[in-house]
There are 2 protein chains.
Amino acid sequence: MTSPSNDGTLEAGEQRLCEQVLGRDPVLRRRAIAKTITLLESTRPDHRLRADALLNALLPHGGQSFRLGISGVPGVGKSTFIEALGLHLIAQGHRVAVLAVDPSSSVSGGSILGDKTRMEQLSIQEAAYIRPSPSGGTLGGVAERTREAMIVCEAAGYDVVIVETVGVGQSETAVHGMTDMFCLLQLPNAGDDLQAIKKGVMELADLVVINKADIDVNAATRARAQITSALRLFGQHGNPEHAHHLEDLWHPEVLQLSALKNTGVSEFWQTVSRYRELQQRSGRLAARRHAQDEAWMWERIDAGLKALFRSHAQVREALAPLTTEVRAGRVAASVAARRLLDLFH
Amino acid sequence: MTSPSNDGTLEAGEQRLCEQVLGRDPVLRRRAIAKTITLLESTRPDHRLRADALLNALLPHGGQSFRLGISGVPGVGKSTFIEALGLHLIAQGHRVAVLAVDPSSSVSGGSILGDKTRMEQLSIQEAAYIRPSPSGGTLGGVAERTREAMIVCEAAGYDVVIVETVGVGQSETAVHGMTDMFCLLQLPNAGDDLQAIKKGVMELADLVVINKADIDVNAATRARAQITSALRLFGQHGNPEHAHHLEDLWHPEVLQLSALKNTGVSEFWQTVSRYRELQQRSGRLAARRHAQDEAWMWERIDAGLKALFRSHAQVREALAPLTTEVRAGRVAASVAARRLLDLFH
């Protein structure tokens, strides 16, 4: 293979992949998507250069989908819900990609989407593309691969991209930062300790879905009222300065449904569509994406700078002992930071 | 003046300041605290070296206070509350320092604590020290100066340090990151749009105080029930892995009081003391401070790295056009980050 160029032009192999991702042959397209994502997930520097060129070539063809984040603790029924939603959307003529961000997933198989028997009906649809979470690495790395895979799927014509995450950690913030709408799935017994959602997750939600609402109708109704009131109490959603009119502001809603019994899925999509229309009309959809892209650029710069910093010889030598001094209260944190930065500079 | 040494030993001037801060003469001590904090707030590099040496000399004498963060929107009655609490504590034999984090404060006087007529009764107490927010600069800089001033006050024997902030922005996270307990003041009309607390603030609260509860007792009671339920819904507070026993976990509480009528202040401090005792016994107070110190070191390192990055000649040249490309969707955010990092490296 020829060595990749660094000027952004595509080598023959990537040119072909690009054409196939954008092309009309469903079999070639599906294979090209998988190959492209695999290339994006590679950690080899030469692969990375080729992947970057390919990504930039696909980028102008991306961005046309609606990006929907779905989160919820294990057991809340995410797979069943996404499968029901996916089949509903495909029946309406949509093409649906399902990606995942799960930093806990390892090479041996992720804890979400790793199970091949999941979403059995959805996965056999020609109009669906399901990809498990990139395995291993930091949350930042996993999220970066998923963001890039999203662009590939969009370029290939998937007009709804669902990004699933596990609801137990910081991955929610990452998924919120790459989607147009963030939905949190909850069980009817919302007040229970069992539900154990992490602080900071609920407030990210544009929409809360009480799944398995058929199990206990009274509990689900109570949960809906409680969560609605809590969402209002927990502060403003979105920046009112970005709204030209107050009626343009979206207030997070709470829905009940049963994915298993397939009730409420259509109402869910109507709500999503209403949100999408409102966000588009007010310009907040575009504003959110611009802000996400810029934030993402800085997030990766920060991670890169920190990696450079940590690998700097003198910093490496001084970091552990200084950290110990800081934790023991013998050196002030700000003094330690300045000393380390002086070594780096 | 002799040039400051870089090895952490104190020059004569700082040696004297240090002795006076730690000493028994109340007049000299008060003046020395003010001079030390002014030195810490200086942006001159030679001052900074002297300030760092002084800070490290005071550090072993700090850390003995209880650090209480107080936040709430303008009009909620923070000053009246802090004055009532301060006087209550002084009557019990405590010594109370009041600091502030207000990134909006300018050289001409901050929006909180800048008003000289505030806390009139508290400010004349010998056992009280009140310092307005460091003016100007970034939130990170303002917070850093306040963290350092806190250590000076602790070294001078203030055993309760109250850090006030404005309740309308990111300063809450900074104050939460430097205190042992974070209290949010609310008005009885909690559900109202007027209350406009930012997302993410409520969930930081270890304790919510409904102030001015005398104005509308029914509304205050309703607000208390609503906020209690919302706090429970919005996820776990603290990391249960750090608790040896479940009863060691603190669940955020909601209190009613009227600072103006001085009712509920004693109950407030009893609740704070109960929290403090629980956190100390379980080891979470020490764990929180260690984590805060380390997080703070990294926060300052990140800020320093970003400043170095932004001032790098080639990065400066490429940053604006690449940001435009990213926002326009012509270059992927991750590709732009890698290009800029390559220039920097």
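Chain A of this predicted model has 12 helices and seven strands. Of its 345 residues, 54% are buried. Many of the chain's contacts bridge long stretches of sequence: among contacts in chain A between residues at least 6 apart, 75% join residues at least 24 apart.

**Symmetry of the two chains**

Chain A can be laid on chain B with an RMSD of 0.1 Å. The operation is a turn of 180 degrees, with a shift of 0.0 Å along the axis. The two copies are thus related as by a two-fold rotation axis. Which C-alpha of chain A lies nearest that axis? That of Ala230(A), 2.3 Å away. Both copies use the same surface: 98% of the contact residues of chain A recur in chain B.

**The interface**

Contacts link 63 residues of chain A with 62 residues of chain B. The size of an interface is often given as the accessible area lost when the parts come together. Between chain A and chain B, the buried area is about 6000 Å². Carbon and sulfur atoms give 65% of that area.

Polar and charged pairs are also present. There are 10 salt bridges between chain A and chain B. One salt bridge joins the side chains of Arg338(B) and Asp52(A), at 2.4 Å from N to O. Counting residues at pLDDT 80 or more, 16 residue pairs are in polar contact between the two chains.

Which elements give two or more residues to the side of chain A that touches chain B? They are helices H3 (45-58), H6 (139-155), H8 (217-233), H10 (284-311), H11 (313-327) and H12 (333-344) of chain A. H10(A) supplies the largest share, 15 residues.

**Helix H6 in both chains**

H6 can be set out for each copy.

| Helix | Residues in helix | Expected span | End C-alpha distance | Citation |
|---|---|---|---|---|
| H6(A) | 17 residues | 24 Å | 24 Å | |
| H6(B) | 17 residues | 24 Å | 24 Å | |

In chain A, the ends of H6(A) are 24 Å apart, which agrees with the span expected at 1.5 Å a residue. For H6(B), covering residues 139-155, the end C-alpha atoms are likewise 24 Å apart, in agreement with the expected span.

Is H6(A) mostly covered or mostly open? Mostly covered: 16 of the 17 residues of H6(A) are buried. In H6(B), 16 of 17 residues are buried.

A glycine follows the helix in each chain. After H6(A) comes Gly157(A), with a positive phi near 95 degrees. Just after H6(B), Gly157(B) takes a positive phi of about 95 degrees.

**A residue within H6(B)**

Thr146(B) is found in helix H6 of chain B. Is Thr146(B) buried or exposed? Its relative accessible area is 2%, under the 20% cut-off, so Thr146(B) is buried.

Leaving out residues up to four places away in sequence, Thr146(B) touches Leu99(B), Ala100(B), Val101(B), Pro134(B), Val163(B) and Met178(B). One of these partners, Pro134(B), is 12 residues from Thr146(B) along the chain. The C-alpha atoms of Thr146(B) and Pro134(B) are separated by 7.2 Å.

The side chain of Thr146(B) also has a polar partner in the backbone. A polar atom of that side chain lies 3.0 Å from the backbone oxygen of Val142(B). An α-helix has 3.6 residues a turn, so residues three or four places apart point the same way.

Definitions and conventions: Residues are numbered from 1 along each chain as its sequence is written. Chains are lettered from A and ligands numbered from 1 in the order in which they are written. This is a predicted model: local features need pLDDT of at least 70, side-chain atom pairs count only at pLDDT 80 or more; totals for chains, interfaces and linings use all residues. Side-chain values use heavy atoms; hydrogens and water are left out. Copies are superposed by least squares on the C-alpha atoms of residues with pLDDT of at least 70 in both. Contact means heavy atoms within 4.5 Å. Helices (H or I, at least four residues) and strands (E, at least two) are DSSP runs, numbered from the N terminus. The expected span of a helix is 1.5 Å times one less than its number of residues. Buried means under 20% relative accessible area, exposed over 50%, partly exposed in between (1.4 Å probe, protein chains only). Buried area is the accessible area (1.4 Å probe) that two parts lose on being put together, summed over both. A salt bridge is a side-chain nitrogen of Lys or Arg within 4 Å of a carboxyl oxygen of Asp or Glu. A polar contact is a pair of N or O atoms within 3.5 Å; within protein, one must be able to donate a hydrogen and the other to accept it, and residues adjacent in sequence count only if both atoms are side-chain atoms.
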